[in-house]
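Trainee: Hi, could you walk me through this one? I'm new to it and would like to start with the cysteines.
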Amino acid sequence: MADKESTNSVVILVGKKGKDFKKLENNFNKIQKIFVEEKEKTVNLKRKNNFLENKLKEMEKKIRKLNKEHKNDIEEIQQNFQKLTEKSQQLKTENNRKERKINSLKEEMKKADRNNNDLTIKLNNMHCKYLNLKKVSYKFGCCIICQSQLNRENIYILKNCNHTYHYECITRWITEGSKNCPCCRVPATLDDIKKIFVEAAGDSSDDSDDEFTQSSSSMTKAVGN
């Protein structure tokens, strides 16, 4: 009886241990499956990590390259800025120098303007004196060909326009090819040259060239050369 009970106890114990073992085996299989899955995940993560590391390395290379390029650009910009700063300073200095020069020229212009006014006054005075002298010394006018004074003994007229010249001057003018009056361009030939005999007149300083020209017809008579 005792042996039978002992045998039953062993069977019960073995059965219980068998169940526990089965349970442990199932747990082990589950854990092993989870391990395999996690291992695969780890492998995949490692692959992704390697991929990302390679990408990071490529990006680092690009960044270093860009930094180098930008560094060169920045250095070039700094150099250009320095040059522009120096050029600006030079232009500023040159501008100040030109402003001083302009101010100096303005002062010289004011001085020249004052001198010009003085010269204008002197010139007007000289012109007045010249006109007064002309009334006295040039009452017979002058020959426009040689710009010399006409005199009573040597006055010749072109009969078509009544302009007066020295005989030598108007003769040379026409014979050298100018077939017209030097004053008004009226056609003229040697036959148109006539001598004027001027009667003695007073020496009044009020006589002028125009008065002489206008009154010459009443003071003279023209005869053939």
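**Cysteines first**

Mentor: Happy to. A search of the whole structure finds zero disulfides. Keep in mind that this is a predicted model.

Trainee: What is a disulfide, again?

Mentor: A disulfide is a covalent bond between the sulfur atoms of two cysteines.

Trainee: Why is C143 not bonded to C169?

Mentor: The closest cysteine sulfur to that of C143 is in C169, and at 3.9 Å this is too far for a bond. The cut-off for a disulfide is 2.5 Å between the sulfur atoms.

Trainee: And what about C181?

Mentor: C181 is in no disulfide either; its nearest cysteine sulfur belongs to C161, 3.6 Å away.

Trainee: Is C181 buried or exposed?

Mentor: C181 is buried, with a relative accessible area of 0%. C143 is buried as well, with a value of 0%.

Trainee: New topic: where does N154 lie?

Mentor: You'll find N154 in the loop between α1 and β1, the latter covering 156–158. N154 counts as buried because its relative accessible area is 18%, and buried means under 20%.

Trainee: Which residues does N154 touch?

Mentor: Leaving out residues up to four places away in sequence, N154 touches Y165, H166, Y167, E168 and K195. With E168 there is also a polar contact of 3.4 Å between the two side chains.

Trainee: Now the outside. Which residues make the nonpolar surface patch of about 300 Å²?

Mentor: That patch is made by L56, M59 and I63.

Trainee: Which helix is L56 in?

Mentor: L56 sits in helix α1, which covers residues 2–137.

Key: Residues numbered from 1 in each chain as written. Predicted model: local features only at pLDDT ≥ 70, side-chain atom pairs only at ≥ 80, totals over all residues. Heavy atoms only, no water. Patch = residues over 30% accessible without salt bridge, like charges linked within 9 Å, V, L, I, M, F, W, Y side chains within 5 Å. Areas by Shrake-Rupley, 256 points an atom, 1.4 Å probe, with all protein chains shown as cover. Salt bridge = Lys/Arg side-chain N within 4 Å of Asp/Glu carboxyl O. Helix = DSSP H or I, 4+ residues; strand = E, 2+ residues; numbered from the N terminus. Buried < 20%, exposed > 50% of the residue type's maximum accessible area, 1.4 Å probe, protein only. Polar contact = N/O pair within 3.5 Å; in protein donor to acceptor, adjacent residues only side chain to side chain. Contact = heavy atoms within 4.5 Å.
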